[in-house]
Amino acid sequence: MGRYVDYYCGDNNRELKKIVNSILKRKFNWIAQKDYDDFYSRAGEVVWECENAFDDTKGISFENYLRSCIYSKIKTQITYVNRAKRMQRDIDGRPLYDISIDAPVGEDSDVTFGDLVPSDFDMENTLERRCELQNERIEAYLNSLSKVQRQIVEMKMDDIHVSEIKKELRLSDKKYKQHCQALKNFAGIHILYGNENKAECKEGDREMSTETQTMENCKTDRISIASIIKKIEKHTIRFDHPLQRESDQWSPSMKGNLISDILQGNKLHPLIFAEQIINGAAIIWDLDGKQRCTNAYLFSKNGYKISKNIRRFMIKYQVTEKDESGNEMLDENGYPIVRMNEFDIRGKKFSELPEELQDRFLDYSFNYDQYLNCSEADIGYHIERYNDGKPMTASQKGITKLGTQYAEMVKSISNMSFFKNSGGYKVSEFKNGTIHRVVVESIMTANFLSHWKKNQEDMCRFIKENASPSDFEAFEDMAARLEQVITEDISGMFDAKDSFLWFGLFARFLKMGLEDGEFIAFMREFSRTLHSSEVNGTTYDDLCVDKITGNAKSTKDKFIVTHKIKILESLMHQYFSCNNS
């Protein structure tokens, strides 16, 4: 037997039964246990077929490929059995099984056969059916998750109860909710739905001069939500410019009020786009309106329910009267007979709205202004201009001063698994730009401590003018090395407040030529005793708290930062000097 057949079919089909059972219980729970053996037999045949057909060069695991094929085989088998039953007739030629789609699947069941028909996309279902949507986009989505988020998905797939997931992963109710919200963000759903033939810009493409010229600087037009959805999935409207802040910045009530305004037909502020010609193709960057567009897109994909805390929730809409046959009723002049309905949208997803409101949502059009023939400098200028006076955090605004090349590198580093899995960072800090700030501060501390700037924007300007790509590459290497040696008891010390100190100290440690694990040993001893050890009459603790007032000192003042690094470096050298003597 092949190695996969041996693994899945060995020990009385032990591993194979796990896959079949999970599919049947989750998707076909009306099937009797006594019939499971038939599906085990069919699945066994699938393993042999998959062993021969599997291509490991496509980046898809064999288990996921097998799950997809088994699920397809099970559906085919059920369809065949049901068709065979419908073909059976009694002595008078009448069907023995005349079943309505509204009939229950069991005598005491509330589930109808209609409920088993696949519905439109729902995020909760998507998280539980990776095997059914087997393709590279699903794998890319899963790979974009943090370790904890991926564990949540895997445990959900295995039908583990929420309380057990929280207990196993040591998550509070708040943390669990935050992770679940992160699973349904715009970036993730965009990966699932995006066009597979996405045109990617090569490094340096954005620095190319534009290839078309026009005397017109800006044009005004309208665009429907349905059109925005199509353009997002075809990547002709882009929301991922390196200088732009992340998606998912709005609270549930802000999202709900947006949907309410759209369904009412209320006028909203215009969207702002910028056209840039890259390799001869017109790429449209969103400059202002990202949250409106991405939240409308998420809602159309059932990504969230409308909050109950919204200003106006009863939405009126017009319905055409229909007769018993479902045909529209007309008056004597041939005009449709209509009436007004009212619908409470609170707690509803897109698919739960009446058809008339779904159409109204998709048909809604935003006004937009589009700047034409923009250079990279133009786009950065407009992004900053349109975010003036808006709730953009200091970290988010600071990154606009880095320039496109370094902003891209910062965002790439921020997405490393070290920050997702190894540090003590909050889920919200990946959305509000805090992790970007950590990276910038760390590069500053590691390479330009004497030029430290308390203000984030000043720091980003300095790095843009004085750093080189090698500084970012060196930091990326440090994060990767630390991930290999960091331990659970130390990971919390790499938080949004102090990470830049430890990265800066690690850069100095590397010059000592010691094993990386020794740095973690020093951090452990520092947390135990060395934080209160004096260096030239001052301890690290003295720089954290004012002895007279008892108040915490500013952690970003240049005097405090430089002295903390000096004390840490002195303690580090003393520690290794004593240990090596």
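**Entry 1: a sheet and its strands**

I started at one small spot: the bridge partner of Arg238 in β4 is Trp285. A note to self before going on: this is a predicted model. Arg238 led me to the strand pair around it, where two bridges join β2 to β4 (residues 281-288), and the two strands run parallel.

Next I looked up the helix that lies against these strands. Helix α10 (residues 225-233) packs on the sheet and touches β1, β2, β3 (271-278) and β7 (365-371). I also noted its direction, which makes about 100° with that of β1.

Then I wrote down the whole sheet. It is open, has five strands in the order β1-β7-β3-β4-β2, and its pairing is mixed. Which strands stand at the edges? They are β1 (218-224) and β2 (237-238); each has a single partner strand, so one side of each is left without a neighbour in the sheet.

A reminder for myself: strands of a sheet pair through backbone hydrogen bonds, either parallel or antiparallel. I found both kinds around β7. β1 and β7 pair in the antiparallel sense over seven bridges, and within β7 the bridge partner of Ile223 is Phe366. β3 and β7 pair in the parallel sense over four bridges, with Tyr371 of β7 as the bridge partner of Ala274.

I checked how covered β7 is. Five of its seven residues are buried, so β7 is largely enclosed by the rest of the structure.

**Entry 2: the β5 and β6 pair**

I moved on to β5 (residues 314-320), which shows two faces. Ile315, Tyr317 and Val319 make up the covered face, while Met314, Lys316, Gln318 and Thr320 make up the uncovered one. β5 is joined to β6 by seven bridges, and the two run antiparallel. Tyr317 has Asn341 as its bridge partner in β6.

Between β5 and β6 there is a loop, and Tyr335 lies in it. Is Tyr335 buried or exposed? I got a relative accessible area of 54%, which is over the 50% cut-off, so Tyr335 counts as exposed. Leaving out residues up to four places away in sequence, Tyr335 touches Met329 and Leu330.

**Entry 3: rings that meet**

I searched the whole structure for aromatic pairs and found 32. One of them is Phe299 with Phe361, an edge-to-face pair with 5.3 Å centre to centre and 65° between the planes. This pair links distant parts of the chain: Phe299 sits in helix α12 (residues 290-300) and Phe361 in helix α13 (residues 355-363), 62 residues apart. Both Phe299 and Phe361 are buried.

Phe361 turned up again with Phe350. Their ring centres are 5.7 Å apart and their planes are at 55°, so I logged the pair as tilted. Phe350 lies in the loop between β6 (338-344) and α13, and Phe361 in α13 itself, so the pair ties together parts that are 11 residues apart in sequence. Phe350 is buried too, like Phe361.

I also looked for charges over rings. The charged end of Arg346 sits over the ring of Phe313, 3.6 Å from its centre. The charged end of Lys255 sits over the ring of Tyr304, 5.0 Å from its centre.

Finally, I found a cluster linked by ring pairs; Trp502, Phe519, Phe522 and Tyr575 are among its members.

**Entry 4: the nonpolar cores**

Some of those names came back when I looked up the largest nonpolar core. Of its 59 residues, Phe419, Trp502, Phe519 and Phe522 touch the most other members. Several helices each supply at least two residues, including α16 (404-414), α20 (469-485), α22 (499-509) and α23 (516-528). Which helix gives the largest share of this core? That is α24, with nine residues.

I followed Trp502 a little further. Not counting residues up to four places away in sequence, Trp502 touches Met493, Phe494, Phe519, Phe522, Met523, Phe526 and Leu568. Apart from the largest core lies another one, of 35 residues, with Leu268, Ile284, Leu353 and Leu357 among them.

My last lookup was α16, which is mostly covered: eight of its 11 residues are buried. I listed them as Thr404, Tyr406, Ala407, Met409, Val410, Lys411, Ile413 and Ser414.

Definitions and conventions:
Residues numbered from 1 in each chain as written. Predicted model: local features only at pLDDT ≥ 70, side-chain atom pairs only at ≥ 80, totals over all residues. Heavy atoms only, no water. Pairing = 2+ DSSP bridges. Contact = heavy atoms within 4.5 Å. Axes fitted to C-alpha atoms, helices over the stretch in contact; angles between N-to-C directions. Buried < 20%, exposed > 50% of the residue type's maximum accessible area, 1.4 Å probe, protein only. Phe/Tyr/Trp six-rings, centres within 6.5 Å; stacked < 30°, edge-to-face > 60°. Lys NZ or Arg CZ within 6 Å of the ring centre and 35° of its normal. Core = buried A, V, L, I, M, F, W, Y, C linked by side-chain atoms within 4.5 Å.
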